[in-house]
Every structure is written in structure tokens, then in C-alpha cells.
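Work through these exercises with the structure open. Try each task before you read its solution.

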Amino acid sequence: MKRFYDKLNYFSNTEKIIWTVSVCLIVLSHIVFGGDLLNLLASLIGVTSLLFAAKGNPIGMVLMIIFASVYGYISYRFAYYGELLTYVGMTLPMSVWSLISWLRNPYRGNRAQVTVNAKLPKREWLLLAVLTVAVTALFYFILRALGTANLLPSTLSVSTSFAAVYLTARRSPYYAVAYACNDVVLMILWTLAALTDRSYVSTVICFAAFLAGDIYGFISWKRMERAQKPSGSMDR
């Protein structure tokens, strides 16, 4: 009975409120603006993955792998090839890398919480900047050749997504900041899509919920960082 009670209280009241409000908004927008069940399913998987990720729980990465697969297909249907390539060709495999990294670095043997990598060396931040510019330039020409809709925001989505998944794999709290930037870009991107098909308004609301989840995720990881600080952090 105690174990069941502990599971019910794994998430704080704040986390439960964020998740409940996000789910209600997503479902309501789906009802009001329309959209197929696949969009709804992807949105619900996405907000749930953010909740687990905010706790540093590898389950969040498992759900992100599923979300990337479903979201990639949704993007393909709207000819957002940038999103398709980003999520299926980059986010999905790097989420697998992140899952492995998180499982290999549990905090004090607790596989439900990853060890926070509090400080990346300056040379790695420089490497990330160089890689992001290179990936962005490469994808720009690929997406332009494919005739991608809304090319510039699609390319910017690649930049923010790459930085986010890299920092996720490296277990840095700033992964959530990069994802928050990506959420803003995607809100713009799908708002443009909603101008031609109002059913995509629900996708815009989905990424607004993601934005709230990622902001909370950064706060939660900084809190975990402070809690883990006495024992230090080993990076493997």
C-alpha cells in the first residue's frame, strides 16, 4: 500500500497541475478546432514525456522516441520536410543516445533520476556552436532543395532542435532552454500552417503546452543540480 501511495506522489502538485492543464487544453483544442487522433496522440505523448524528463527520468526519453516517430509522420503529411528530417533523422536517434546516456548515469544508483551534468567545459559549448551552425547550413540547402514549406522557420527549428537534443544527451539543465526556444519556433511554424488549415491550431496549442513544460523542466533540473551538488557529478 505504501509503495502504491509513493507512486501516486512521485509527481509534485505543481507537476500534476501542469500536466492536467496541458492535457485539458490539448483535448479541448482538438475538439474545438478539429484534427485527427494521431495529432492528439502525439501531443499527449509529448507533454507526458516532458513531465518525466523534468524529473530526470529516462522514461521521458522513451516517450520522446515515440513522439519523434509520430510527429515526423505528421510533418510529412503537411510537407514540413524540415520537421520530418529533424525529428526522424536527428531527434529520434539522438533521443536513443540520450536514453543510453541517462541509463548509464543514474544518480546514486537510482535509475529513476539521472545525474545532472552541471557544467559543460567552455570548449564543448564552442563545439556545440560550431556543430549547430554546420547542421543549420547543411539542412538549409537540403530543405530548400526539397521545397520545404516556410523554409526559414523550418531551418531555425533544426538549429534549436539540434542544440536541445545535444544538451539532453549531455545531461545539461540547459537542454530545456534550447527546447523552449524550439517550442517558440514551432508555434510560429504551425501558426502559419493553421492559416490554411484551422485543425493545426491544436498543434500550436500543443507546443504552447510544451513551452510551459520546458520552462518548468529547466527550473526542476536546476533544483536537482543543487540537490545533487554535494556528491558531485561523474560523466561517463
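**Exercise 1: Val 27**

Classify Val 27 as buried, partly exposed or exposed in this predicted model.

Solution. Take the relative accessibility of Val 27, which is 30%. Buried means under 20%, and exposed means over 50%. Val 27 therefore counts as partly exposed. Next, place the residue: Val 27 is found in helix H2, residues 13–33. Then look at the surface around this residue. Val 27, Leu 28, Ile 31 and Val 32 form a nonpolar patch there. Together they have about 360 Å² of accessible area.

**Exercise 2: Helix H6**

Check the span of helix H6, residues 122–145, against the expected value.

Solution. Count 24 residues in H6. At 1.5 Å a residue, the helix should span 34 Å, because the rule multiplies by one less than the number of residues. The end C-alpha atoms of H6 are 35 Å apart, which agrees. Now list the buried residues of H6: Glu 124, Leu 128, Thr 132, Val 135, Thr 136, Phe 139 and Leu 143. Finally, step past the helix. Just after H6, Gly 147 takes a positive phi of about 70°.

**Exercise 3: The whole chain**

Test the chain against the radius of gyration of a compact globule.

Solution. Start with the 236 residues of the chain. A compact globule with that number would have a radius of gyration near 18 Å. The chain has 18 Å, so the two agree. Then turn to burial: buried residues make up 50% of the chain. Last, read the elements. The chain has nine helices and two strands. From the N terminus on, they run α-α-α-α-α-β-β-α-α-α-α.

Conventions: Residues are numbered from 1 along each chain as its sequence is written. This is a predicted model: local features need pLDDT of at least 70, side-chain atom pairs count only at pLDDT 80 or more; totals for chains, interfaces and linings use all residues. Side-chain values use heavy atoms; hydrogens and water are left out. Patches are made of residues with over 30% relative accessible area and no salt bridge: like charges are joined within 9 Å, nonpolar side chains (Val, Leu, Ile, Met, Phe, Trp, Tyr) within 5 Å. Accessible areas come from the Shrake-Rupley method with a 1.4 Å probe; for residues, only the protein chains shown count as cover. A salt bridge is a side-chain nitrogen of Lys or Arg within 4 Å of a carboxyl oxygen of Asp or Glu. Helices (H or I, at least four residues) and strands (E, at least two) are DSSP runs, numbered from the N terminus. Buried means under 20% relative accessible area, exposed over 50%, partly exposed in between (1.4 Å probe, protein chains only). The radius of gyration is taken over C-alpha atoms; the globule rule is 2.2 Å times the number of residues to the power 0.38.
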